[in-house]
Amino acid sequence: MKALLGLLRKEVYHILRDRRTLVVIILLPVVQVVIFGYAIRTDVEHVRLAIVDPAPDATTLAIRNRFEAAGVFRTVAVLPRMDGLEPLFERGAAQGAVVFEPGLAEKLARGLPAQILIVSDATEPNTGSIVQAYAAAVVQQYSRELGAPRRAGIRIVPTVRMRFNPTRQSSNLFVPGLMAFVLTIISSLMTAISLTREKETGTMEALLVSPLRPWQIIVGKVTPYLVVGFVSVIGVILEARLIFHVPLRGSVALLLFEGLLFILVSLSLGILISARTSSQRVAMMGALIGTMLPTMLLSGFIFPLESMPAPLRAISYVVPARWFVLVARGIMLKGIGLAYLWPATLVLIAMALLLLTASTRSFHERLES
Amino acid sequence: MNEAPAIVVRDLTRKFGGFTAVDRITFEVHAGEVFGFLGANGAGKTTAIRMLTALLAPTSGQAMVAGHDVYREAEQIKCDIGYMSQRFSLYEDLTVRENIRLYGGIYDLTDRQIHDRTTRMLAQLGLEHAADQFVRAIPLGWRQKLAFSVALLHEPKIVFLDEPTSGVDPITRRQFWELIYEAAARGTTVLVTTHYLDEAEYCDRISIMVAGRIAAIGTPGELKKKFDASSIDEIFVRLARPAAASEARK
Amino acid sequence: MRRILFLARAEVLHVVRDRATLAQVLIVPIVQLLILSNAATFRILNTPTYVVDFDRTSASRGLVTRFAASGHFQVTGQSASLDLANEALLRGDVTMVLTIPRQFEASLVRTGVAPIELSVNAEKGSAAGIVQSYASSIVATYASELSPATEPVPIRDVPRIDVRMRSWYNATLNYKHYMVPGILVALVTLIGTLLTAQNIAREKELGTLEQLNVTPITRGQFIAAKLLPFWALGLINLAIGLLVARLVFGVPVRGSVLLLFGSAALYLVVALAIGLWISTLVETQQQAMFVTFFIMNVYLLMSGLFTPIDSMAPWVQVVSQLNPVRHFVTIARAILIKGAGLAEIARPLMILAVYGAVMLTLAVRQYSKRTA
């Protein structure tokens with residue numbers, strides 16, 4: 001036990017003496033959350049619209065005004081013919097277009113159905129659909145006002161309630177996910193720094209031949225970084241609240257606990273990778289190429305897990321960040337507690353135990369071989 | 001043999017922050033001689049060599065290497081010199097032949113020249129059998145000799161050897177010095193640093209560096225006479241001791 | 001020129017000899033492309049839905065059937081308890097709750113109007129909007145189906161505007177067509193940056209860089225020789241990836257392949273020059289890794305690769321102009337999906353050209369054969 005305390009003290013000295021690394025470790029997550037919190041959004045707010053109006057008349061001008069007034073659209077070009085549209089779309093200068101047919105007002109005056117074509121750049125299907133929906137809403141609104149809605153048909157009026165995120169702000173969605181992503185990265189960095197130092201200076205061998213038991217070495221390595229990681233957790237939560245105004249509807253204590261648990265899992269994963277691989281280069285290459293994109297894509301942080309095919313959803317179960325994203329969103333947005341989150345919490349605990357045991361064993365093997 | 005000196009150094013100085021690694025050293029190396037640079041670890045030998053090979057900018061002083069100024073004509077110097085550093089510097093994941101080919105190409109040798117010199121070098125080293133082995137697979141002693149030969153591949157006027165024999169067994173060291181003599185016999189000027197004092201006896205002239213300065217310079221015979229010592233070892237200990245003592249006082 | 005070839009040849013040998021790296025460089029990206037492209041979708045299919053039907057009439061059951069048959073919704077739970085529904089929503093089992101009140105049918109028959117309630121889990125911002133629009137259109141369609149076949153409205157009475165919609169370039173709204181080129185660019189960039197960023201740092205650690213520094217090789221030749229092999233490797237990676245994209249994912253290739261590879265050739269110079277610049281800045285491979293880590297995050301998350309540039313905060317949009325990935329992702333998508341020609345991609349291409357020149361100059365200048 002005394003040996004363990006000695007090791008702990010040594011690790012704390014390492015961390016405290018290397019101020020620059022400490023600052024990087026604590027600040028990096030905070031900085032990344034700010035930058036990417038402003039970057040990762042899917043709100044469609046300013047749509048660049050092209051208008052094709054071969055023969056402007058009172059009606060087309062009125063509808064064009066409606067688009068200007070809608071707030072979402074910005075007219076970037078008014079063209080007389082449709083063939084000018086394609087280059088605009090290809091350059092990305094326009095995202096959507098409203099195409100009027102000639103003599104629109106006249107047709108309407110004669111009571112004939114007039115046609116308006118709405119074109120969207122569906123290269124990115126999500127934005128494409130949203131642009132279409134917005135544009136259609138503007139035209140339909142105008143159309144409704146034209147003739148009094150005296151339709152004899154049946155109407156079902158849906159009341160829509162947007163639960164948990166009434167304003168549908170994407171920062172509320174992405175910031176909790178971003179926290180998980182950034183914390184994973186920082187944790188793996190920390191273990192990499194710590195273990196590389198031991199390996200480079202050859203002190204790892206000294207530790208291995210010391211009377212310290214492998215689990216004690218692991219505890220000694222993990223504990224101080226857990227503390228540093230926890231400071232990062234507090235930092236990013238404060239940031240989410242103060243800068244991005246993400247609600248925190250659930251228990252703060254629970255969120256902190258889950259954050260700590262998640263850091264532990266990430267640290268253990270880092271230790272396991274470092275203990276298993278012979279060269280740091282291979283380890284880090286593997287970590288970067290092998291984990292960065294999968295964590296980004298399979299944690300549900302950006303893309304909804306429900307939309308993925310079943311095999312990929314199955315793979316996502318082994319991505320620790322997936323569970324923390326679930327937990328963080330649950331606590332912050334839905335305000336739910338352990339009653340709902342116990343399965344995810346259990347998975348994280350199981351992962352931590354499994355990874356720690358595995359690293360202890362791989363230290364054993366190094367001792368014996 | 002060319003009469004102009006191969007290397008002329010005047011008051012060459014290099015400071016790292018407040019620490020003066022090389023302190024106003026002045027010496028000349030004649031064309032075709034084997035010049036030994038002796039000194040303890042940290043005496044400034046490597047710093048001096050790195051300035052003369054234009055790897056490190058001097059703080060002050062002058063130096064001409066093969067008739068070129070180290071400040072302004074670094075790239076011309078590089079055509080005329082060969083260098084073998086302390087750290088082993090061939091690519092371990094390339095074969096012997098591939099390493100030779102690489103440096104041959106960098107020094108603008110023709111394919112014909114590369115081919116001929118490779119054959120000759122391998123024969124001289126007795127490495128024909130290992131030509132297509134990876135460098136990491138051949139023993140350290142052979143590797144050092146190979147590195148030396150590669151440094152001479154483009155037939156430079158001057159070759160700088162920084163502790164070429166450290167960590168090598170005595171027999172290989174012997175063989176290594178034979179290679180140095182062969183190069184000198186072909187007219188190459190050799191500047192070699194070492195902390196093996198017995199090797200000093202192999203040099204035409206030596207300089208002993210202590211704490212960044214040249215404490216003594218001359219032929220081994222002259223120095224022994226001047227200091228009235230029976231071996232270079234004895235002179236070295238005598239010169240190095242006051243420095244060590246003052247170092248301890250700090 | 002000849003020197004560059006000799007050094008580049010040695011560089012190729014380093015890569016080929018290192019089996020572990022070679023596998024990471026050639027196989028892992030293709031595997032990731034195959035797997036991850038399926039993950040990157042905002043498409044909403046089979047939204048799990050909970051139905052609370054208090055009415056239990058043929059009208060209410062008809063509405064539920066329409067939802068289930070639409071392909072957009074999947075009824076995963078049904079009861080007459082709002083609490084159970086709420087619980088399912090909280091647990092995350094369902095994304096939407098459809099509540100049909102009592103007297104739904106009666107009200108329709110009597111007044112022709114009846115309310116329903118849709119509670120959408122808006123945790124996932126824009127997805128919720130799309131779910132809502134799907135739901136609304138199903139409800140509207142159902143309502144018009146229920147409407148008695150009225151005599152055609154007298155033409156003169158109601159002026160009508162027919163809105164037709166067209167989705168250009170991706171009529172089937174297939175996310176893979178959009179994502180595969182992007183992920184491919186990301187992978188090629190990741191590998192190129194990683195290999196170059198480590199490269200010079202590694203030679204510094206090994207001591208071989210010093211050996212090169214005493215040779216008469218010029219700084220430009222050195223950087224060129226370091227760039228060339230990875231540039232070729234990047235193009236090969238891209239070609240393989242593109243083949244996979246075409247054959248496996250059916251990604252359209254509407255524009256000129258030549259133009260695409262021409263742009264890629266230019267882009268890779270930028271990406272690799274940045275990698276080499278990092279490598280000349282740092283002292284150890286580990287530092288190179290950390291910097292690469294950070295830069296890759298910026299590359300991926302601020303490039304419009306996953307989330308649209310247009311949605312980013314204004315200042316981020318400005319900063320992202322500095323991100324070469326942004327420009328090449330734009331180019332790749334424009335050529336492949338939209339069939340854009342040189343004129344349409346001229347702007348990002350120009351930016352990349354200037355960027356490449358600047359970065360190459362920086363890398364060459366930063367690399368010094370002599371320590372100051």
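## Exercises on a predicted three-chain model

Chain A contains 14 helices and 5 strands. The model is predicted.

**Exercise 1.** Determine what share of the 369 residues in chain A is buried, and what share of its contacts joins residues 24 or more positions apart.

*Solution.* Step one: a residue counts as buried if 20 or more other C-beta atoms lie within 10 Å of its own. By this criterion, 44% of the 369 residues are buried. Step two: among contacts in chain A with a separation of 6 or more, 80% come from residues 24 or more positions apart.

**Exercise 2.** Describe the contact between chains B and C from the side of chain B.

*Solution.* Chain B contributes 23 residues and chain C contributes 21. On the chain B side, two or more residues each come from helix H2 (74-80), strand S6 (81-84) and helix H3 (96-106). By character, the residues on this side are 13 nonpolar, 4 polar and 6 charged.

**Exercise 3.** Establish the strand order of the open sheet formed by chains A and C, and identify its edges.

*Solution.* The 5 strands follow the order S5(A)-S4(C)-S3(C)-S1(C)-S2(C), with mixed pairing. S5 (155-163) of chain A and S2 (73-79) of chain C each have a single partner strand, so one side of each lacks a neighbour in the sheet. From one strand to the next, the twist averages 25°.

**Exercise 4.** Characterise the pairing of S3 and S4 of chain C, and the helix H5 that lies across them.

*Solution.* S3 (residues 96-100) and S4 (residues 113-121) of chain C run antiparallel and are joined by 4 bridges. Within this pairing, C:Thr99 is opposite C:Glu117. Helix H5 (residues 104-111) of chain C crosses both strands, at about 135° to S4(C).

Note on methods:
Residues are numbered from 1 along each chain as its sequence is written. Chains are lettered from A and ligands numbered from 1 in the order in which they are written. This is a predicted model: local features need pLDDT of at least 70, side-chain atom pairs count only at pLDDT 80 or more; totals for chains, interfaces and linings use all residues. A residue is buried if 20 or more other C-beta atoms lie within 10 Å of its own, exposed if 12 or fewer, and partly exposed in between; C-beta atoms are placed from the backbone. Two residues are in contact if their C-beta atoms, placed from the backbone, lie within 7 Å. Ala, Val, Leu, Ile, Met, Phe, Trp, Tyr, Cys and Pro count as nonpolar, Asp, Glu, Lys and Arg as charged, and the others, Gly among them, as polar. Two strands pair if DSSP finds at least two bridges between them. Axes are lines fitted to C-alpha atoms, for helices over the stretch in contact, and angles run from 0 to 180 degrees between N-to-C directions.
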